[in-house]
Amino acid sequence: VEHYFAYATSGFHSVTDLHLLTCLERAGGTDRDRLKAFMNKWRFALVEADYASVLDEFSSAFSSEDEEGMLEVDSVLLMRAVDRVLLREEASEGSAAKGVDAETHLERLEAAVISLCSEGAEKSLRGRRPGDACPLWLQKLKGFLRETETDRYWYCMGVHPDRISHLRSKFYTDDFFTPLPTLEDDCMPLVRILREMRPDVISLAFDPEGTGPDTHFKVLQLISAAVRILLEEDEAAGKGGEWKVHIWGYRNVWFRFDPWDANLIFPVSRDSLDEGHRLFVSSFRTQAAASFPSPLFDGPFSLWAAAIQEAQRAELLRLIGSSRERESVGEEERSVVAALEKSEAAVLLKEMTPAELIAGARDLRSRLQIA
(Lines give C-alpha, C1' and ligand atoms only; values in the text may rest on other atoms or scores of the structure.)
Protein backbone atom coordinates (compact mmCIF):
# COMPACT_ATOMS: atom_id res chain seq x y z
CA VAL A 1 0.00 0.00 0.00
CA GLU A 2 1.32 3.43 -0.95
CA HIS A 3 0.04 6.67 0.50
CA TYR A 4 0.03 10.04 -1.26
CA PHE A 5 -1.08 13.35 0.23
CA ALA A 6 -2.24 16.54 -1.46
CA TYR A 7 -2.64 19.77 0.52
CA ALA A 8 -4.76 22.31 -1.31
CA THR A 9 -3.72 25.29 0.85
CA SER A 10 -0.53 26.25 2.68
CA GLY A 11 -2.27 27.26 5.92
CA PHE A 12 -0.27 30.48 6.36
CA HIS A 13 -3.18 32.07 8.25
CA SER A 14 -2.47 29.79 11.22
CA VAL A 15 1.16 30.92 11.64
CA THR A 16 1.71 33.91 13.92
CA ASP A 17 4.45 36.52 13.61
CA LEU A 18 5.44 35.68 17.19
CA HIS A 19 6.08 32.07 16.25
CA LEU A 20 8.40 33.12 13.42
CA LEU A 21 10.25 35.51 15.73
CA THR A 22 10.63 32.87 18.44
CA CYS A 23 11.94 30.42 15.87
CA LEU A 24 14.54 32.85 14.50
CA GLU A 25 15.58 34.13 17.94
CA ARG A 26 16.19 30.53 18.97
CA ALA A 27 18.86 30.49 16.27
CA GLY A 28 20.36 33.77 17.46
CA GLY A 29 18.07 36.51 16.14
CA THR A 30 19.90 39.84 16.20
CA ASP A 31 22.81 38.42 18.23
CA ARG A 32 25.40 38.00 15.46
CA ASP A 33 27.71 35.76 17.48
CA ARG A 34 24.96 33.32 18.43
CA LEU A 35 23.51 33.38 14.93
CA LYS A 36 26.91 32.70 13.33
CA ALA A 37 27.51 29.79 15.73
CA PHE A 38 24.10 28.30 14.89
CA MET A 39 24.64 28.70 11.16
CA ASN A 40 28.09 27.13 11.37
CA LYS A 41 26.65 24.17 13.26
CA TRP A 42 23.92 23.67 10.66
CA ARG A 43 25.91 24.87 7.65
CA PHE A 44 25.36 21.68 5.61
CA ALA A 45 21.59 21.71 6.25
CA LEU A 46 21.35 25.39 5.35
CA VAL A 47 23.47 25.37 2.18
CA GLU A 48 24.01 21.92 0.70
CA ALA A 49 21.59 19.31 2.09
CA ASP A 50 18.52 18.31 0.15
CA TYR A 51 15.13 18.71 1.80
CA ALA A 52 14.71 15.03 2.70
CA SER A 53 18.04 15.05 4.55
CA VAL A 54 16.83 17.87 6.80
CA LEU A 55 13.59 16.00 7.46
CA ASP A 56 15.71 12.98 8.35
CA GLU A 57 17.45 15.09 11.01
CA PHE A 58 14.05 15.92 12.46
CA SER A 59 12.91 12.29 12.35
CA SER A 60 16.07 11.16 14.17
CA ALA A 61 15.55 13.79 16.87
CA PHE A 62 11.91 12.75 17.24
CA SER A 63 12.81 9.06 17.54
CA SER A 64 15.39 9.80 20.24
CA GLU A 65 13.02 12.24 21.99
CA ASP A 66 15.58 15.02 21.52
CA GLU A 67 13.43 18.11 22.08
CA GLU A 68 16.30 20.54 21.58
CA GLY A 69 17.25 18.83 18.34
CA MET A 70 13.69 19.11 16.99
CA LEU A 71 13.54 22.80 17.92
CA GLU A 72 16.83 23.47 16.16
CA VAL A 73 15.63 21.72 12.99
CA ASP A 74 12.47 23.84 13.23
CA SER A 75 14.69 26.95 13.09
CA VAL A 76 16.74 25.47 10.24
CA LEU A 77 13.60 24.83 8.20
CA LEU A 78 12.40 28.39 8.74
CA MET A 79 15.80 29.75 7.73
CA ARG A 80 15.63 27.64 4.57
CA ALA A 81 12.24 29.25 3.93
CA VAL A 82 13.80 32.71 4.46
CA ASP A 83 16.49 31.71 1.97
CA ARG A 84 13.86 30.62 -0.54
CA VAL A 85 11.55 33.64 -0.20
CA LEU A 86 13.87 36.57 0.50
CA LEU A 87 17.05 35.47 -1.28
CA ARG A 88 16.36 32.94 -4.01
CA GLU A 89 12.95 34.03 -5.29
CA GLU A 90 13.65 37.74 -5.16
CA ALA A 91 17.00 37.28 -6.88
CA SER A 92 15.55 34.62 -9.24
CA GLU A 93 18.67 32.52 -8.86
CA GLY A 94 20.01 29.58 -6.87
CA SER A 95 21.92 29.59 -3.61
CA ALA A 96 25.50 29.50 -4.84
CA ALA A 97 24.78 29.85 -8.56
CA LYS A 98 26.02 32.56 -10.92
CA GLY A 99 29.11 33.49 -8.95
CA VAL A 100 27.58 33.59 -5.44
CA ASP A 101 29.67 31.30 -3.26
CA ALA A 102 28.45 29.56 -0.12
CA GLU A 103 30.13 32.02 2.25
CA THR A 104 28.56 35.03 0.55
CA HIS A 105 25.21 33.33 0.55
CA LEU A 106 25.43 32.56 4.29
CA GLU A 107 26.29 36.19 4.95
CA ARG A 108 23.19 37.28 3.03
CA LEU A 109 21.04 34.78 4.93
CA GLU A 110 22.46 36.05 8.22
CA ALA A 111 21.59 39.62 7.24
CA ALA A 112 18.06 38.60 6.23
CA VAL A 113 17.46 36.88 9.58
CA ILE A 114 18.75 39.89 11.52
CA SER A 115 16.55 42.22 9.46
CA LEU A 116 13.44 40.13 10.16
CA CYS A 117 14.16 40.32 13.90
CA SER A 118 15.01 44.04 13.98
CA GLU A 119 12.76 46.97 14.77
CA GLY A 120 12.12 49.34 11.88
CA ALA A 121 13.55 47.14 9.12
CA GLU A 122 11.71 47.13 5.81
CA LYS A 123 10.81 43.47 6.24
CA SER A 124 10.55 43.12 10.00
CA LEU A 125 8.39 40.77 12.03
CA ARG A 126 8.33 43.26 14.90
CA GLY A 127 5.70 45.95 15.31
CA ARG A 128 3.03 44.13 13.35
CA ARG A 129 -0.36 43.79 15.02
CA PRO A 130 -2.93 41.00 14.78
CA GLY A 131 -5.18 41.75 11.83
CA ASP A 132 -2.55 43.67 9.87
CA ALA A 133 -2.44 42.82 6.17
CA CYS A 134 -0.03 40.00 5.43
CA PRO A 135 2.20 40.92 2.47
CA LEU A 136 2.89 38.29 -0.16
CA TRP A 137 6.47 37.62 0.98
CA LEU A 138 5.23 36.93 4.51
CA GLN A 139 2.39 34.72 3.25
CA LYS A 140 4.99 32.64 1.42
CA LEU A 141 7.33 32.52 4.43
CA LYS A 142 4.58 31.35 6.76
CA GLY A 143 3.16 28.98 4.16
CA PHE A 144 6.49 27.29 3.45
CA LEU A 145 7.12 26.75 7.17
CA ARG A 146 3.60 25.35 7.61
CA GLU A 147 4.17 22.97 4.73
CA THR A 148 7.34 21.64 6.34
CA GLU A 149 5.25 20.70 9.38
CA THR A 150 3.08 18.33 7.37
CA ASP A 151 6.20 16.97 5.68
CA ARG A 152 7.85 16.39 9.06
CA TYR A 153 4.78 14.55 10.35
CA TRP A 154 4.53 12.20 7.40
CA TYR A 155 8.30 11.67 7.14
CA CYS A 156 8.24 10.32 10.69
CA MET A 157 5.49 7.97 9.49
CA GLY A 158 7.67 6.74 6.62
CA VAL A 159 6.27 8.93 3.82
CA HIS A 160 8.90 10.61 1.62
CA PRO A 161 8.22 14.24 0.63
CA ASP A 162 8.08 13.28 -3.05
CA ARG A 163 4.71 11.66 -2.23
CA ILE A 164 3.31 14.92 -0.82
CA SER A 165 1.93 17.68 -3.05
CA HIS A 166 1.46 21.25 -1.86
CA LEU A 167 -0.92 22.82 -4.36
CA ARG A 168 -1.12 26.37 -2.89
CA SER A 169 -4.57 26.96 -4.31
CA LYS A 170 -5.11 30.52 -5.49
CA PHE A 171 -8.43 30.96 -3.69
CA TYR A 172 -6.53 30.90 -0.36
CA THR A 173 -5.52 34.55 0.08
CA ASP A 174 -5.21 37.25 2.73
CA ASP A 175 -8.19 39.15 1.30
CA PHE A 176 -10.99 40.04 3.70
CA PHE A 177 -13.46 38.52 1.22
CA THR A 178 -11.62 35.51 -0.12
CA PRO A 179 -12.24 34.58 -3.76
CA LEU A 180 -14.15 31.48 -4.75
CA PRO A 181 -12.25 28.53 -6.20
CA THR A 182 -11.98 28.38 -9.97
CA LEU A 183 -11.84 25.44 -12.32
CA GLU A 184 -8.51 26.19 -13.98
CA ASP A 185 -6.51 27.57 -11.03
CA ASP A 186 -7.77 25.41 -8.18
CA CYS A 187 -9.57 22.33 -9.47
CA MET A 188 -7.41 21.24 -12.41
CA PRO A 189 -4.25 20.68 -10.31
CA LEU A 190 -6.27 18.13 -8.32
CA VAL A 191 -7.62 16.60 -11.53
CA ARG A 192 -4.08 16.11 -12.82
CA ILE A 193 -2.98 14.40 -9.60
CA LEU A 194 -5.99 12.08 -9.52
CA ARG A 195 -5.64 11.35 -13.23
CA GLU A 196 -2.04 10.25 -12.68
CA MET A 197 -2.54 8.34 -9.42
CA ARG A 198 -5.98 6.79 -9.93
CA PRO A 199 -6.16 6.08 -6.16
CA ASP A 200 -8.20 3.23 -4.71
CA VAL A 201 -9.22 5.41 -1.75
CA ILE A 202 -9.56 9.19 -1.40
CA SER A 203 -9.87 10.58 2.12
CA LEU A 204 -11.13 14.10 2.71
CA ALA A 205 -12.61 16.37 5.36
CA PHE A 206 -16.39 16.03 5.13
CA ASP A 207 -17.40 19.02 7.24
CA PRO A 208 -20.63 20.92 6.48
CA GLU A 209 -20.27 24.53 5.40
CA GLY A 210 -19.92 26.97 8.29
CA THR A 211 -18.69 24.43 10.86
CA GLY A 212 -15.02 25.37 10.66
CA PRO A 213 -12.60 27.17 8.34
CA ASP A 214 -14.31 27.77 4.99
CA THR A 215 -11.28 26.25 3.28
CA HIS A 216 -12.48 22.79 4.38
CA PHE A 217 -15.76 23.15 2.53
CA LYS A 218 -14.15 24.75 -0.52
CA VAL A 219 -11.65 21.90 -0.79
CA LEU A 220 -14.51 19.40 -0.47
CA GLN A 221 -16.11 21.11 -3.46
CA LEU A 222 -12.83 21.02 -5.38
CA ILE A 223 -12.36 17.29 -4.81
CA SER A 224 -15.97 16.57 -5.72
CA ALA A 225 -15.57 18.52 -8.96
CA ALA A 226 -12.25 16.81 -9.76
CA VAL A 227 -13.77 13.35 -9.27
CA ARG A 228 -16.73 14.32 -11.44
CA ILE A 229 -14.44 15.55 -14.24
CA LEU A 230 -12.48 12.28 -14.24
CA LEU A 231 -15.65 10.18 -14.32
CA GLU A 232 -16.91 12.23 -17.27
CA GLU A 233 -13.57 11.75 -19.04
CA ASP A 234 -13.81 7.99 -18.48
CA GLU A 235 -17.33 7.91 -19.87
CA ALA A 236 -16.27 9.85 -22.96
CA ALA A 237 -13.37 7.42 -23.51
CA GLY A 238 -15.61 4.36 -23.15
CA LYS A 239 -14.05 3.44 -19.79
CA GLY A 240 -17.00 4.22 -17.55
CA GLY A 241 -16.99 2.20 -14.34
CA GLU A 242 -13.34 1.11 -14.57
CA TRP A 243 -12.15 3.40 -11.78
CA LYS A 244 -13.21 1.65 -8.56
CA VAL A 245 -12.50 4.42 -6.07
CA HIS A 246 -13.81 4.60 -2.51
CA ILE A 247 -14.29 7.95 -0.75
CA TRP A 248 -13.60 8.14 2.98
CA GLY A 249 -14.99 11.26 4.62
CA TYR A 250 -13.63 12.15 8.05
CA ARG A 251 -14.52 14.72 10.67
CA ASN A 252 -12.30 15.94 13.44
CA VAL A 253 -12.27 18.96 15.74
CA TRP A 254 -14.70 21.22 13.84
CA PHE A 255 -17.58 18.80 13.45
CA ARG A 256 -18.26 15.15 14.19
CA PHE A 257 -20.34 12.29 12.89
CA ASP A 258 -23.27 10.91 14.82
CA PRO A 259 -22.69 7.15 15.07
CA TRP A 260 -25.57 6.41 12.69
CA ASP A 261 -24.07 8.70 10.01
CA ALA A 262 -20.77 6.78 9.85
CA ASN A 263 -20.31 3.36 8.29
CA LEU A 264 -16.66 2.66 9.15
CA ILE A 265 -15.36 2.40 12.71
CA PHE A 266 -11.68 2.09 13.65
CA PRO A 267 -10.84 1.30 17.30
CA VAL A 268 -7.80 3.23 18.57
CA SER A 269 -5.46 2.14 21.35
CA ARG A 270 -4.09 4.34 24.13
CA ASP A 271 -0.58 3.96 22.73
CA SER A 272 -1.77 5.23 19.33
CA LEU A 273 -3.45 8.25 20.94
CA ASP A 274 -0.36 9.11 22.95
CA GLU A 275 2.04 8.65 20.05
CA GLY A 276 -0.24 10.63 17.74
CA HIS A 277 -0.30 13.50 20.22
CA ARG A 278 3.49 13.47 20.65
CA LEU A 279 4.04 13.44 16.89
CA PHE A 280 1.51 16.24 16.36
CA VAL A 281 2.93 18.65 18.94
CA SER A 282 6.48 17.85 17.81
CA SER A 283 5.79 18.36 14.10
CA PHE A 284 3.12 21.07 14.10
CA ARG A 285 4.87 23.63 16.25
CA THR A 286 2.70 26.45 14.89
CA GLN A 287 -0.41 24.58 16.05
CA ALA A 288 0.68 23.45 19.50
CA ALA A 289 -1.13 26.43 21.00
CA ALA A 290 -3.74 27.05 18.31
CA SER A 291 -6.19 29.86 18.97
CA PHE A 292 -9.71 28.69 19.82
CA PRO A 293 -9.60 25.05 18.66
CA SER A 294 -12.99 24.67 20.36
CA PRO A 295 -15.21 26.51 22.87
CA LEU A 296 -15.27 23.20 24.76
CA PHE A 297 -11.53 22.61 25.02
CA ASP A 298 -8.43 24.71 25.73
CA GLY A 299 -5.41 22.86 24.38
CA PRO A 300 -3.73 21.48 21.26
CA PHE A 301 -5.81 20.00 18.45
CA SER A 302 -4.35 16.54 19.06
CA LEU A 303 -5.70 16.30 22.62
CA TRP A 304 -9.07 17.67 21.56
CA ALA A 305 -9.25 15.13 18.72
CA ALA A 306 -8.35 12.35 21.17
CA ALA A 307 -11.07 13.51 23.57
CA ILE A 308 -13.62 13.43 20.74
CA GLN A 309 -12.53 9.93 19.72
CA GLU A 310 -12.77 8.74 23.33
CA ALA A 311 -16.29 10.18 23.57
CA GLN A 312 -17.24 8.45 20.30
CA ARG A 313 -16.14 5.07 21.67
CA ALA A 314 -18.12 5.63 24.88
CA GLU A 315 -21.22 6.59 22.88
CA LEU A 316 -20.93 3.52 20.66
CA LEU A 317 -20.65 1.20 23.66
CA ARG A 318 -23.59 2.93 25.30
CA LEU A 319 -25.71 2.41 22.19
CA ILE A 320 -24.65 -1.23 21.92
CA GLY A 321 -25.89 -1.88 25.43
CA SER A 322 -24.81 -4.09 28.30
CA SER A 323 -23.08 -7.44 27.91
CA ARG A 324 -26.35 -9.18 28.66
CA GLU A 325 -28.12 -7.26 25.91
CA ARG A 326 -25.39 -8.30 23.46
CA GLU A 327 -25.95 -12.04 23.85
CA SER A 328 -28.32 -12.14 20.88
CA VAL A 329 -25.89 -10.61 18.37
CA GLY A 330 -23.84 -12.69 15.94
CA GLU A 331 -20.19 -13.70 16.16
CA GLU A 332 -18.99 -10.92 13.85
CA GLU A 333 -20.80 -8.25 15.84
CA ARG A 334 -19.36 -9.64 19.10
CA SER A 335 -15.83 -9.39 17.67
CA VAL A 336 -16.45 -5.72 16.81
CA VAL A 337 -17.71 -5.02 20.32
CA ALA A 338 -14.71 -6.82 21.82
CA ALA A 339 -12.34 -4.65 19.77
CA LEU A 340 -14.10 -1.51 20.97
CA GLU A 341 -13.96 -2.66 24.60
CA LYS A 342 -10.21 -3.25 24.33
CA SER A 343 -9.63 0.16 22.73
CA GLU A 344 -9.53 3.64 24.24
CA ALA A 345 -11.15 5.55 21.39
CA ALA A 346 -12.89 5.20 18.04
CA VAL A 347 -12.48 6.99 14.70
CA LEU A 348 -15.68 7.28 12.65
CA LEU A 349 -15.60 7.56 8.87
CA LYS A 350 -18.23 7.73 6.17
CA GLU A 351 -17.42 5.62 3.12
CA MET A 352 -19.05 6.88 -0.07
CA THR A 353 -19.16 6.11 -3.76
CA PRO A 354 -18.15 8.91 -6.14
CA ALA A 355 -21.83 9.48 -6.90
CA GLU A 356 -22.60 9.86 -3.19
CA LEU A 357 -19.72 12.31 -2.78
CA ILE A 358 -20.90 14.40 -5.72
CA ALA A 359 -24.49 14.37 -4.49
CA GLY A 360 -23.40 15.39 -1.00
CA ALA A 361 -21.52 18.42 -2.34
CA ARG A 362 -24.03 19.38 -5.04
CA ASP A 363 -26.47 21.45 -2.96
CA LEU A 364 -24.11 24.42 -2.63
CA ARG A 365 -22.09 23.84 -5.78
CA SER A 366 -23.89 26.59 -7.68
CA ARG A 367 -22.25 29.14 -5.40
CA LEU A 368 -18.80 28.17 -6.61
CA GLN A 369 -17.17 28.95 -9.93
CA ILE A 370 -15.94 25.37 -10.38
CA ALA A 371 -19.41 24.02 -11.29
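Is Ser75 buried or exposed? At 0% relative accessibility, Ser75 counts as buried, because the cut-off for that class is under 20%. Before I go further, please note that what we are looking at is a predicted model.

Let me stay with Ser75 for a moment. This residue belongs to helix α5, which covers residues 67-91. Leaving aside residues up to four places away in sequence, Ser75 touches Cys23, Arg26, Ala27 and Phe38. Cys23 also appears among the buried residues of α1, which are Asp17, His19, Leu20, Leu21, Cys23 and Leu24. After α1 comes Gly28, with a positive phi near 135°.

Two further residues have a positive phi, and neither is a glycine. For Glu65, phi is near 55°. Glu65 is located in the loop between α4 (51-63) and α5. With a relative accessible area of 59%, Glu65 is exposed, because that value is over 50%. For Arg198, phi is about 45°. Arg198 is found in the loop between α8 and β3. Its relative accessible area is 28%, so Arg198 ranks as partly exposed.

I turn now to the aromatic residues. How many aromatic pairs does a search of the whole structure find? The search finds 8. One of them joins Phe12 and Tyr172 in an edge-to-face arrangement, with 5.0 Å centre to centre and 70° between the planes. The pair links distant parts of the chain, since its two members are 160 residues apart. Phe12 sits in the loop between β1 (5-7) and α1 (17-26), while Tyr172 sits in the loop between β2 (164-166) and α8 (183-197). Both Phe12 and Tyr172 are buried.

There is also an aromatic cluster, made up of Phe5, Tyr153, Trp154, Phe280 and Phe284.

Rings take part in another kind of arrangement here, with a charge placed over them. The charged end of Arg163 is over the ring of Tyr4, at 5.9 Å from the ring centre. In a second case, the charged end of Arg278 lies over the ring of Phe62, and here the distance to the centre is 3.9 Å.

My last topic is the sheet. In what order do its 4 strands run? The order is β3-β4-β6-β5, in an open sheet with mixed pairing. At the edges are β3 (201-205) and β5 (264-268), each of which pairs on one side only. Ignoring direction, neighbouring strands of this sheet are turned by 30° against each other on average.

Consider next the pairing of β5 with β6, the strand of residues 345-352. These two strands run in the antiparallel sense and share 5 bridges. Within this part of the model, Phe266 stands opposite Val347 of β6. Helix α13, residues 354-362, packs on the sheet and touches β3, β4 (246-250) and β6. The direction of α13 makes about 95° with that of β6.

To close, I return to the opening residue. Ser75 is buried at 0% relative accessibility, and its contacts include Cys23, a buried residue of α1. By contrast, Glu65, in the loop between α4 and α5, is exposed. Thank you for your attention.

How values were computed:
Residues numbered from 1 in each chain as written. Predicted model: local features only at pLDDT ≥ 70, side-chain atom pairs only at ≥ 80, totals over all residues. Heavy atoms only, no water. Buried < 20%, exposed > 50% of the residue type's maximum accessible area, 1.4 Å probe, protein only. Contact = heavy atoms within 4.5 Å. Phe/Tyr/Trp six-rings, centres within 6.5 Å; stacked < 30°, edge-to-face > 60°. Lys NZ or Arg CZ within 6 Å of the ring centre and 35° of its normal. Pairing = 2+ DSSP bridges. Axes fitted to C-alpha atoms, helices over the stretch in contact; angles between N-to-C directions.
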